[in-house]
Amino acid sequence: MKSHILKDYEDALVELREGLLEMGTLVENALNTGLKGFFGSDIDSCFEVIDGDEQIDLWEKKIDELGMGILLKFQPMARDLREVLSAINISRSLERMGDHAVTVAKRARRVIKADGERDVVLLEPLAAECRKIVRHSLTAVSDLSEEKSHETIEMDRAVDVCHKAATKQVTKLIGERPDSSKMLLNLVFIARSLERIGDLAVNIAEDVVFVATAEDIRH
Amino acid sequence: MMNEELVVDSADAPEVAEGEPIIRIDDLSFSYDLGSTDTLKNISLDLRAGEVTAFIGPSGCGKSTLLRCLNRMNDLVETAKVTSGRIEILGQDIHDSQVSPMELRKHVGMVFQKYNPFPKSIFENVAYGLRIQGVKNRGVLAQAVEESLKRAALWDEVKDRLDSSALGLSGGQQQRLCIARTIAVKPQIVLMDEPCSALDPIATVKIEELIAELRRDFTIVIVTHNMQQATRVSDRTAFFYLGELVEFDETSVIFGNPTQRQTEEYVSGRFG
(Lines give C-alpha, C1' and ligand atoms only; values in the text may rest on other atoms or scores of the structure.)
Protein backbone atom coordinates (compact mmCIF):
# COMPACT_ATOMS: atom_id res chain seq x y z
CA MET A 1 0.00 0.00 0.00
CA LYS A 2 1.08 3.60 -0.59
CA SER A 3 2.66 5.64 2.18
CA HIS A 4 0.45 7.96 4.15
CA ILE A 5 0.33 11.54 2.87
CA LEU A 6 1.12 12.76 6.36
CA LYS A 7 4.71 11.77 7.05
CA ASP A 8 4.29 11.96 10.83
CA TYR A 9 1.48 9.41 10.58
CA GLU A 10 3.55 7.04 8.48
CA ASP A 11 6.48 7.48 10.87
CA ALA A 12 4.27 6.72 13.87
CA LEU A 13 2.95 3.53 12.26
CA VAL A 14 6.51 2.45 11.42
CA GLU A 15 7.61 3.17 14.99
CA LEU A 16 4.74 1.05 16.30
CA ARG A 17 5.58 -1.86 13.95
CA GLU A 18 9.29 -1.71 14.78
CA GLY A 19 8.56 -1.46 18.50
CA LEU A 20 6.36 -4.53 18.35
CA LEU A 21 9.05 -6.52 16.54
CA GLU A 22 11.68 -5.36 19.02
CA MET A 23 9.46 -6.50 21.87
CA GLY A 24 8.90 -9.81 20.08
CA THR A 25 12.64 -10.32 19.75
CA LEU A 26 13.12 -9.68 23.48
CA VAL A 27 10.42 -12.24 24.32
CA GLU A 28 11.83 -14.85 21.95
CA ASN A 29 15.30 -14.30 23.45
CA ALA A 30 13.86 -14.65 26.96
CA LEU A 31 12.28 -17.98 26.03
CA ASN A 32 15.44 -19.29 24.37
CA THR A 33 17.63 -18.11 27.23
CA GLY A 34 15.31 -19.66 29.81
CA LEU A 35 15.36 -22.98 27.95
CA LYS A 36 19.15 -22.75 27.64
CA GLY A 37 19.30 -22.33 31.41
CA PHE A 38 16.93 -25.24 31.93
CA PHE A 39 18.52 -27.74 29.56
CA GLY A 40 22.08 -26.58 30.14
CA SER A 41 21.84 -26.20 33.93
CA ASP A 42 22.98 -22.62 33.42
CA ILE A 43 21.79 -20.57 36.36
CA ASP A 44 23.13 -17.29 34.97
CA SER A 45 20.84 -17.65 31.97
CA CYS A 46 17.90 -18.10 34.35
CA PHE A 47 18.76 -14.87 36.17
CA GLU A 48 19.16 -13.09 32.84
CA VAL A 49 15.55 -13.96 31.94
CA ILE A 50 14.19 -12.96 35.34
CA ASP A 51 16.03 -9.62 35.32
CA GLY A 52 15.15 -8.93 31.69
CA ASP A 53 11.39 -9.20 32.20
CA GLU A 54 11.14 -5.59 33.34
CA GLN A 55 12.29 -4.50 29.91
CA ILE A 56 9.49 -6.51 28.30
CA ASP A 57 6.94 -4.94 30.66
CA LEU A 58 8.18 -1.48 29.70
CA TRP A 59 7.72 -2.36 26.03
CA GLU A 60 4.12 -3.33 26.68
CA LYS A 61 3.50 0.13 28.10
CA LYS A 62 5.43 1.74 25.24
CA ILE A 63 3.32 -0.06 22.61
CA ASP A 64 0.15 1.07 24.41
CA GLU A 65 1.47 4.62 24.44
CA LEU A 66 2.38 4.56 20.74
CA GLY A 67 -0.96 3.02 19.82
CA MET A 68 -2.93 5.51 21.92
CA GLY A 69 -0.92 8.34 20.40
CA ILE A 70 -1.83 7.24 16.88
CA LEU A 71 -5.52 6.83 17.78
CA LEU A 72 -5.57 10.25 19.38
CA LYS A 73 -3.57 12.16 16.83
CA PHE A 74 -4.42 10.56 13.51
CA GLN A 75 -7.77 8.76 13.99
CA PRO A 76 -6.72 5.80 11.83
CA MET A 77 -9.21 4.06 9.57
CA ALA A 78 -9.53 0.65 7.95
CA ARG A 79 -6.35 -1.45 8.01
CA ASP A 80 -4.42 1.20 9.96
CA LEU A 81 -7.04 1.07 12.71
CA ARG A 82 -6.89 -2.72 12.83
CA GLU A 83 -3.12 -2.61 12.94
CA VAL A 84 -3.08 -0.28 15.93
CA LEU A 85 -5.71 -2.28 17.84
CA SER A 86 -3.91 -5.53 17.07
CA ALA A 87 -0.51 -4.15 18.05
CA ILE A 88 -1.91 -3.37 21.49
CA ASN A 89 -3.36 -6.90 21.73
CA ILE A 90 -0.17 -8.52 20.47
CA SER A 91 1.96 -6.63 22.98
CA ARG A 92 -0.35 -7.96 25.69
CA SER A 93 0.23 -11.54 24.46
CA LEU A 94 3.98 -10.96 24.22
CA GLU A 95 4.11 -9.62 27.76
CA ARG A 96 2.38 -12.75 29.01
CA MET A 97 4.77 -14.90 27.01
CA GLY A 98 7.56 -13.05 28.79
CA ASP A 99 5.97 -13.90 32.15
CA HIS A 100 5.88 -17.56 31.16
CA ALA A 101 9.55 -17.38 30.14
CA VAL A 102 10.20 -16.06 33.67
CA THR A 103 8.27 -19.02 35.10
CA VAL A 104 10.43 -21.36 33.02
CA ALA A 105 13.58 -19.64 34.33
CA LYS A 106 12.46 -19.65 37.98
CA ARG A 107 11.43 -23.30 37.88
CA ALA A 108 14.62 -24.17 35.99
CA ARG A 109 16.64 -22.65 38.85
CA ARG A 110 14.96 -25.03 41.28
CA VAL A 111 15.53 -27.98 38.97
CA ILE A 112 19.21 -27.06 38.63
CA LYS A 113 19.58 -26.87 42.42
CA ALA A 114 17.90 -30.26 42.94
CA ASP A 115 19.96 -33.40 43.63
CA GLY A 116 19.81 -36.58 41.58
CA GLU A 117 18.45 -37.27 38.11
CA ARG A 118 16.84 -34.18 36.52
CA ASP A 119 14.95 -35.72 33.56
CA VAL A 120 14.99 -32.44 31.61
CA VAL A 121 15.23 -34.40 28.38
CA LEU A 122 11.53 -35.25 28.74
CA LEU A 123 10.65 -31.67 27.82
CA GLU A 124 12.91 -31.39 24.78
CA PRO A 125 10.25 -32.16 22.13
CA LEU A 126 7.85 -29.68 23.73
CA ALA A 127 10.54 -27.00 23.98
CA ALA A 128 11.45 -27.51 20.32
CA GLU A 129 7.81 -27.08 19.22
CA CYS A 130 7.45 -24.07 21.46
CA ARG A 131 10.50 -22.36 19.95
CA LYS A 132 9.15 -23.08 16.47
CA ILE A 133 5.69 -21.70 17.09
CA VAL A 134 7.00 -18.52 18.70
CA ARG A 135 9.39 -17.93 15.78
CA HIS A 136 6.60 -18.54 13.28
CA SER A 137 4.13 -16.22 15.02
CA LEU A 138 6.72 -13.44 15.07
CA THR A 139 7.42 -13.95 11.37
CA ALA A 140 3.66 -13.70 10.79
CA VAL A 141 3.73 -10.36 12.65
CA SER A 142 6.70 -8.98 10.75
CA ASP A 143 5.27 -10.05 7.36
CA LEU A 144 1.64 -9.35 8.38
CA SER A 145 1.05 -12.71 6.74
CA GLU A 146 -2.30 -14.42 6.85
CA GLU A 147 -0.71 -17.65 5.57
CA LYS A 148 1.97 -17.76 8.27
CA SER A 149 -0.69 -16.99 10.87
CA HIS A 150 -2.76 -19.98 9.85
CA GLU A 151 0.38 -22.14 9.89
CA THR A 152 1.08 -20.88 13.42
CA ILE A 153 -2.41 -21.85 14.53
CA GLU A 154 -1.88 -25.32 13.04
CA MET A 155 1.46 -25.68 14.82
CA ASP A 156 -0.24 -25.42 18.21
CA ARG A 157 -1.54 -28.98 17.76
CA ALA A 158 2.02 -30.30 17.92
CA VAL A 159 2.67 -28.18 21.02
CA ASP A 160 -0.40 -29.65 22.71
CA VAL A 161 0.54 -33.21 21.76
CA CYS A 162 4.06 -32.77 23.15
CA HIS A 163 2.67 -31.14 26.29
CA LYS A 164 0.34 -34.04 26.96
CA ALA A 165 3.09 -36.58 26.33
CA ALA A 166 5.57 -34.76 28.60
CA THR A 167 3.04 -34.32 31.41
CA LYS A 168 2.10 -38.00 31.21
CA GLN A 169 5.73 -39.10 31.40
CA VAL A 170 6.56 -36.76 34.29
CA THR A 171 3.45 -37.81 36.21
CA LYS A 172 4.45 -41.44 35.75
CA LEU A 173 7.91 -40.67 37.13
CA ILE A 174 6.42 -38.95 40.17
CA GLY A 175 4.70 -42.26 40.96
CA GLU A 176 7.86 -44.23 40.42
CA ARG A 177 10.24 -41.86 42.24
CA PRO A 178 8.33 -40.04 44.97
CA ASP A 179 11.62 -38.68 46.36
CA SER A 180 12.04 -36.64 43.17
CA SER A 181 8.47 -35.41 43.13
CA LYS A 182 9.37 -31.84 44.13
CA MET A 183 11.83 -31.51 41.26
CA LEU A 184 9.47 -33.28 38.85
CA LEU A 185 6.64 -30.93 39.77
CA ASN A 186 8.80 -28.10 38.48
CA LEU A 187 8.91 -29.89 35.13
CA VAL A 188 5.10 -29.98 35.09
CA PHE A 189 4.99 -26.22 35.66
CA ILE A 190 7.59 -25.58 32.98
CA ALA A 191 5.64 -27.77 30.55
CA ARG A 192 2.47 -25.87 31.35
CA SER A 193 4.17 -22.52 30.70
CA LEU A 194 5.49 -23.77 27.37
CA GLU A 195 2.02 -24.94 26.41
CA ARG A 196 0.60 -21.53 27.37
CA ILE A 197 3.25 -19.82 25.26
CA GLY A 198 1.94 -21.87 22.33
CA ASP A 199 -1.58 -20.61 23.03
CA LEU A 200 -0.35 -17.03 23.15
CA ALA A 201 1.41 -17.52 19.80
CA VAL A 202 -1.99 -18.57 18.45
CA ASN A 203 -3.56 -15.40 19.89
CA ILE A 204 -0.91 -13.35 18.13
CA ALA A 205 -1.57 -15.16 14.86
CA GLU A 206 -5.30 -14.46 15.22
CA ASP A 207 -4.54 -10.77 15.65
CA VAL A 208 -2.42 -10.79 12.50
CA VAL A 209 -5.28 -12.40 10.55
CA PHE A 210 -7.52 -9.59 11.81
CA VAL A 211 -5.09 -6.97 10.48
CA ALA A 212 -4.74 -8.71 7.13
CA THR A 213 -8.37 -9.62 6.48
CA ALA A 214 -10.55 -7.81 9.05
CA GLU A 215 -11.85 -11.24 10.01
CA ASP A 216 -12.09 -12.04 13.70
CA ILE A 217 -11.19 -15.72 13.93
CA ARG A 218 -10.90 -15.93 17.71
CA HIS A 219 -12.91 -18.62 19.52
CA MET B 1 -34.69 29.91 -7.03
CA MET B 2 -32.38 29.00 -4.17
CA ASN B 3 -35.32 28.93 -1.80
CA GLU B 4 -37.62 26.71 -3.72
CA GLU B 5 -37.02 23.79 -1.40
CA LEU B 6 -39.41 25.59 0.89
CA VAL B 7 -42.18 26.05 -1.59
CA VAL B 8 -45.01 23.71 -0.77
CA ASP B 9 -46.20 21.03 1.58
CA SER B 10 -45.41 17.49 0.56
CA ALA B 11 -48.03 15.64 2.54
CA ASP B 12 -49.38 14.24 -0.73
CA ALA B 13 -46.15 12.35 -1.48
CA PRO B 14 -46.20 8.56 -1.65
CA GLU B 15 -44.87 6.76 1.41
CA VAL B 16 -41.73 4.67 1.13
CA ALA B 17 -41.19 2.07 3.81
CA GLU B 18 -38.06 2.45 5.93
CA GLY B 19 -35.15 0.60 4.38
CA GLU B 20 -36.71 0.61 0.89
CA PRO B 21 -35.09 2.67 -1.88
CA ILE B 22 -36.42 6.23 -1.87
CA ILE B 23 -33.84 7.55 -4.33
CA ARG B 24 -32.78 5.37 -7.26
CA ILE B 25 -29.92 6.60 -9.38
CA ASP B 26 -29.47 4.50 -12.48
CA ASP B 27 -26.44 4.81 -14.78
CA LEU B 28 -26.38 8.59 -14.34
CA SER B 29 -23.87 10.64 -16.29
CA PHE B 30 -23.83 14.40 -15.98
CA SER B 31 -21.94 17.19 -17.66
CA TYR B 32 -21.54 20.88 -16.87
CA ASP B 33 -20.52 21.72 -20.45
CA LEU B 34 -23.22 20.26 -22.66
CA GLY B 35 -21.77 16.79 -22.64
CA SER B 36 -18.21 17.43 -23.75
CA THR B 37 -16.87 16.23 -20.38
CA ASP B 38 -18.82 14.10 -17.95
CA THR B 39 -18.45 15.23 -14.34
CA LEU B 40 -20.41 12.19 -13.19
CA LYS B 41 -19.89 8.90 -14.99
CA ASN B 42 -22.45 6.09 -15.00
CA ILE B 43 -23.44 6.35 -11.36
CA SER B 44 -25.86 3.71 -10.09
CA LEU B 45 -26.93 3.93 -6.48
CA ASP B 46 -30.03 3.24 -4.38
CA LEU B 47 -30.51 5.32 -1.24
CA ARG B 48 -32.83 3.88 1.37
CA ALA B 49 -35.60 5.65 3.21
CA GLY B 50 -34.93 6.48 6.83
CA GLU B 51 -31.18 6.23 6.49
CA VAL B 52 -28.36 8.75 6.54
CA THR B 53 -26.11 8.35 3.53
CA ALA B 54 -22.76 10.13 3.34
CA PHE B 55 -21.03 11.05 0.09
CA ILE B 56 -17.27 11.27 0.47
CA GLY B 57 -14.33 11.74 -1.86
CA PRO B 58 -11.62 14.23 -2.74
CA SER B 59 -12.50 17.69 -4.08
CA GLY B 60 -13.77 17.49 -7.63
CA CYS B 61 -14.90 13.87 -7.34
CA GLY B 62 -18.50 14.80 -8.11
CA LYS B 63 -20.13 14.23 -4.73
CA SER B 64 -21.66 17.72 -4.46
CA THR B 65 -22.64 17.60 -8.11
CA LEU B 66 -24.55 14.39 -7.51
CA LEU B 67 -26.21 15.86 -4.42
CA ARG B 68 -27.31 18.85 -6.46
CA CYS B 69 -28.67 16.55 -9.16
CA LEU B 70 -31.04 15.08 -6.59
CA ASN B 71 -33.16 18.24 -6.37
CA ARG B 72 -32.18 19.53 -9.81
CA MET B 73 -30.17 22.42 -8.41
CA ASN B 74 -27.89 21.97 -11.39
CA ASP B 75 -30.71 23.17 -13.63
CA LEU B 76 -29.51 26.62 -12.63
CA VAL B 77 -26.34 26.06 -14.67
CA GLU B 78 -27.27 26.83 -18.27
CA THR B 79 -24.83 24.39 -19.88
CA ALA B 80 -25.46 21.56 -17.41
CA LYS B 81 -26.93 18.38 -18.82
CA VAL B 82 -27.74 14.85 -17.74
CA THR B 83 -26.08 12.90 -20.56
CA SER B 84 -27.36 9.45 -19.63
CA GLY B 85 -29.33 7.52 -17.05
CA ARG B 86 -32.04 8.66 -14.68
CA ILE B 87 -32.87 9.53 -11.11
CA GLU B 88 -36.04 8.26 -9.57
CA ILE B 89 -37.25 9.78 -6.32
CA LEU B 90 -40.35 8.45 -4.58
CA GLY B 91 -40.97 6.35 -7.66
CA GLN B 92 -40.94 9.30 -10.05
CA ASP B 93 -38.36 10.09 -12.73
CA ILE B 94 -37.28 13.57 -11.63
CA HIS B 95 -36.45 14.62 -15.18
CA ASP B 96 -39.86 13.66 -16.48
CA SER B 97 -41.45 16.57 -18.32
CA GLN B 98 -44.36 16.37 -15.87
CA VAL B 99 -42.10 17.12 -12.90
CA SER B 100 -41.13 20.71 -12.22
CA PRO B 101 -38.10 21.48 -10.06
CA MET B 102 -40.42 23.29 -7.69
CA GLU B 103 -42.58 20.22 -7.38
CA LEU B 104 -39.51 18.10 -6.76
CA ARG B 105 -38.20 20.41 -4.06
CA LYS B 106 -41.40 19.97 -2.10
CA HIS B 107 -40.00 16.59 -1.26
CA VAL B 108 -36.29 17.21 -1.36
CA GLY B 109 -35.06 19.99 0.93
CA MET B 110 -31.52 21.26 1.04
CA VAL B 111 -29.15 22.69 3.63
CA PHE B 112 -26.09 24.44 2.30
CA GLN B 113 -22.47 24.69 3.30
CA LYS B 114 -22.74 28.36 4.17
CA TYR B 115 -25.77 29.04 6.29
CA ASN B 116 -28.06 31.38 4.40
CA PRO B 117 -30.92 32.71 6.50
CA PHE B 118 -33.05 35.40 4.92
CA PRO B 119 -32.61 38.95 6.25
CA LYS B 120 -35.83 38.55 8.15
CA SER B 121 -36.86 37.65 11.68
CA ILE B 122 -36.24 34.18 13.10
CA PHE B 123 -39.97 33.50 12.95
CA GLU B 124 -40.32 34.61 9.34
CA ASN B 125 -37.38 32.50 8.24
CA VAL B 126 -39.04 29.34 9.45
CA ALA B 127 -42.53 30.41 8.36
CA TYR B 128 -41.35 31.39 4.89
CA GLY B 129 -42.05 28.11 3.13
CA LEU B 130 -45.39 27.70 4.81
CA ARG B 131 -46.45 31.22 3.82
CA ILE B 132 -45.58 30.43 0.21
CA GLN B 133 -47.75 27.34 0.53
CA GLY B 134 -50.54 29.72 1.39
CA VAL B 135 -50.73 29.20 5.13
CA LYS B 136 -51.91 32.49 6.63
CA ASN B 137 -53.33 31.54 10.00
CA ARG B 138 -50.95 32.98 12.59
CA GLY B 139 -51.75 30.21 15.07
CA VAL B 140 -50.97 27.46 12.57
CA LEU B 141 -47.76 29.23 11.56
CA ALA B 142 -46.73 29.77 15.18
CA GLN B 143 -47.26 26.11 15.97
CA ALA B 144 -45.30 24.97 12.91
CA VAL B 145 -42.46 27.39 13.67
CA GLU B 146 -42.25 26.23 17.27
CA GLU B 147 -42.28 22.57 16.25
CA SER B 148 -39.60 23.06 13.61
CA LEU B 149 -37.38 25.08 15.91
CA LYS B 150 -37.75 22.43 18.60
CA ARG B 151 -36.83 19.67 16.17
CA ALA B 152 -33.85 21.73 15.06
CA ALA B 153 -32.82 22.01 18.74
CA LEU B 154 -32.97 25.79 18.55
CA TRP B 155 -36.23 26.62 20.29
CA ASP B 156 -34.84 27.08 23.80
CA GLU B 157 -32.22 29.48 22.50
CA VAL B 158 -34.53 31.69 20.45
CA LYS B 159 -38.04 31.40 21.90
CA ASP B 160 -37.78 34.80 23.57
CA ARG B 161 -36.59 36.59 20.49
CA LEU B 162 -38.50 35.16 17.57
CA ASP B 163 -39.00 38.62 16.10
CA SER B 164 -35.29 39.46 16.18
CA SER B 165 -33.26 39.30 13.01
CA ALA B 166 -31.97 35.85 12.11
CA LEU B 167 -28.70 37.51 11.15
CA GLY B 168 -28.03 38.23 14.84
CA LEU B 169 -27.68 34.51 15.61
CA SER B 170 -24.33 32.74 15.83
CA GLY B 171 -23.13 30.68 12.87
CA GLY B 172 -24.20 27.39 14.43
CA GLN B 173 -27.59 28.82 15.34
CA GLN B 174 -28.06 30.21 11.82
CA GLN B 175 -27.33 26.78 10.37
CA ARG B 176 -29.82 25.12 12.72
CA LEU B 177 -32.31 27.82 11.72
CA CYS B 178 -31.76 26.86 8.08
CA ILE B 179 -32.44 23.24 9.01
CA ALA B 180 -35.62 24.31 10.83
CA ARG B 181 -36.63 26.26 7.72
CA THR B 182 -36.04 23.21 5.55
CA ILE B 183 -37.95 20.75 7.71
CA ALA B 184 -40.84 23.15 8.39
CA VAL B 185 -42.43 22.13 5.09
CA LYS B 186 -41.92 18.44 5.84
CA PRO B 187 -39.88 17.14 2.92
CA GLN B 188 -39.15 13.40 2.88
CA ILE B 189 -35.53 13.91 1.95
CA VAL B 190 -33.03 16.43 3.29
CA LEU B 191 -29.82 17.05 1.36
CA MET B 192 -26.93 18.53 3.30
CA ASP B 193 -23.94 19.93 1.49
CA GLU B 194 -21.12 20.12 4.03
CA PRO B 195 -23.42 21.59 6.65
CA CYS B 196 -20.70 21.91 9.29
CA SER B 197 -17.72 23.07 7.30
CA ALA B 198 -18.17 26.70 8.41
CA LEU B 199 -18.89 25.83 12.05
CA ASP B 200 -16.78 25.44 15.19
CA PRO B 201 -16.45 21.98 16.79
CA ILE B 202 -19.22 22.49 19.35
CA ALA B 203 -21.67 23.83 16.77
CA THR B 204 -20.66 20.87 14.59
CA VAL B 205 -21.48 18.40 17.35
CA LYS B 206 -24.89 20.05 17.77
CA ILE B 207 -25.63 19.63 14.06
CA GLU B 208 -24.50 16.00 14.20
CA GLU B 209 -26.75 15.39 17.19
CA LEU B 210 -29.56 17.00 15.23
CA ILE B 211 -28.94 14.72 12.26
CA ALA B 212 -29.21 11.72 14.62
CA GLU B 213 -32.59 13.05 15.78
CA LEU B 214 -33.87 13.91 12.31
CA ARG B 215 -33.02 10.52 10.84
CA ARG B 216 -36.17 9.15 12.47
CA ASP B 217 -38.36 11.16 10.15
CA PHE B 218 -36.24 12.10 7.17
CA THR B 219 -33.98 10.43 4.69
CA ILE B 220 -30.75 12.38 4.82
CA VAL B 221 -27.97 12.61 2.27
CA ILE B 222 -24.89 14.45 3.47
CA VAL B 223 -21.77 15.50 1.60
CA THR B 224 -18.84 15.84 3.94
CA HIS B 225 -15.09 16.20 3.74
CA ASN B 226 -14.84 15.22 7.38
CA MET B 227 -14.47 11.45 7.45
CA GLN B 228 -14.89 11.21 11.20
CA GLN B 229 -18.19 13.01 10.72
CA ALA B 230 -19.24 10.50 8.07
CA THR B 231 -18.46 7.65 10.47
CA ARG B 232 -20.43 9.32 13.26
CA VAL B 233 -23.59 10.33 11.43
CA SER B 234 -24.17 8.00 8.50
CA ASP B 235 -25.54 4.49 8.03
CA ARG B 236 -24.05 4.06 4.57
CA THR B 237 -21.27 5.78 2.74
CA ALA B 238 -20.56 6.23 -0.95
CA PHE B 239 -16.99 6.96 -2.03
CA PHE B 240 -16.53 8.86 -5.29
CA TYR B 241 -13.37 9.47 -7.28
CA LEU B 242 -13.01 11.34 -10.56
CA GLY B 243 -16.73 11.32 -11.16
CA GLU B 244 -17.15 7.62 -10.57
CA LEU B 245 -18.72 5.74 -7.70
CA VAL B 246 -15.90 3.57 -6.40
CA GLU B 247 -17.66 1.88 -3.50
CA PHE B 248 -20.94 2.06 -1.63
CA ASP B 249 -21.57 0.08 1.52
CA GLU B 250 -22.38 0.28 5.20
CA THR B 251 -20.31 3.02 6.79
CA SER B 252 -18.61 0.56 9.12
CA VAL B 253 -17.41 -1.41 6.08
CA ILE B 254 -16.23 1.63 4.12
CA PHE B 255 -14.15 2.91 7.05
CA GLY B 256 -13.31 -0.45 8.62
CA ASN B 257 -12.71 -2.87 5.79
CA PRO B 258 -13.41 -1.43 2.35
CA THR B 259 -13.34 -3.73 -0.67
CA GLN B 260 -11.67 -1.36 -3.11
CA ARG B 261 -8.01 -0.41 -2.80
CA GLN B 262 -8.80 3.22 -3.76
CA THR B 263 -11.31 3.48 -0.92
CA GLU B 264 -8.84 2.02 1.58
CA GLU B 265 -6.16 4.45 0.44
CA TYR B 266 -8.51 7.42 0.62
CA VAL B 267 -10.06 6.71 4.02
CA SER B 268 -6.66 5.96 5.53
CA GLY B 269 -5.23 9.18 4.10
CA ARG B 270 -2.96 7.77 1.43
CA PHE B 271 -4.26 9.93 -1.37
CA GLY B 272 -6.66 12.75 -1.94
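# Chain B of a predicted model

Buried residues (20 or more other C-beta atoms within 10 Å of their own C-beta, placed from the backbone) make up 48% of the 272 residues in chain B. The model is predicted, so local features need pLDDT of at least 70, side-chain atom pairs count only at pLDDT 80 or more, and totals for chains, interfaces and linings use all residues. Residues are numbered from 1 along each chain as its sequence is written, while chains are lettered from A and ligands numbered from 1 in the order in which they are written.

User: How many helices and strands are there in chain B?

Analyst: Helices (H or I, at least four residues) and strands (E, at least two) are DSSP runs, numbered from the N terminus. By this count, chain B has 10 helices and 10 strands.

User: Why is chain B described as being as compact as a globular protein of that length?

Analyst: The globule rule, 2.2 Å times the number of residues to the power 0.38, is set against the radius of gyration, taken over C-alpha atoms. For 272 residues the rule gives 19 Å. Chain B is as compact as a globular protein of that length because its radius of gyration is close to that value, at 18 Å.

User: Which strands stand at the edges of the open sheet of chain B?

Analyst: Two strands pair if DSSP finds at least two bridges between them. The open sheet has 4 strands in the order β2-β1-β4-β5, with antiparallel pairing. Each edge strand has a single partner strand, so one side of it is left without a neighbour in the sheet; these strands are β2 (38-48) and β5 (92-93).

User: Which residue of β7(B) stands opposite B:G109?

Analyst: Strand β6(B) is joined by 4 bridges to β7 (residues 189-193) of chain B, and the two run parallel. In β6(B), B:V108 and B:M110 lie on one side, B:G109 and B:V111 on the other, and all are buried. In a regular strand the side chains alternate between the two faces of the sheet. Opposite B:G109 stands B:V190.

User: Where is B:F118 placed, and how is its exposure classed?

Analyst: B:F118 is in the loop between β6 (108-111) and α3 (122-133) of chain B. Leaving aside residues up to four places away in sequence, B:F118 touches B:N125, B:Y128 and B:A166 (contact: C-beta atoms, placed from the backbone, within 7 Å). A residue is exposed with 12 or fewer C-beta neighbours within 10 Å, and partly exposed between that and the buried class. Because B:F118 has 16 C-beta neighbours inside 10 Å, it counts as partly exposed.

Note on methods. Two residues are in contact if their C-beta atoms, placed from the backbone, lie within 7 Å.
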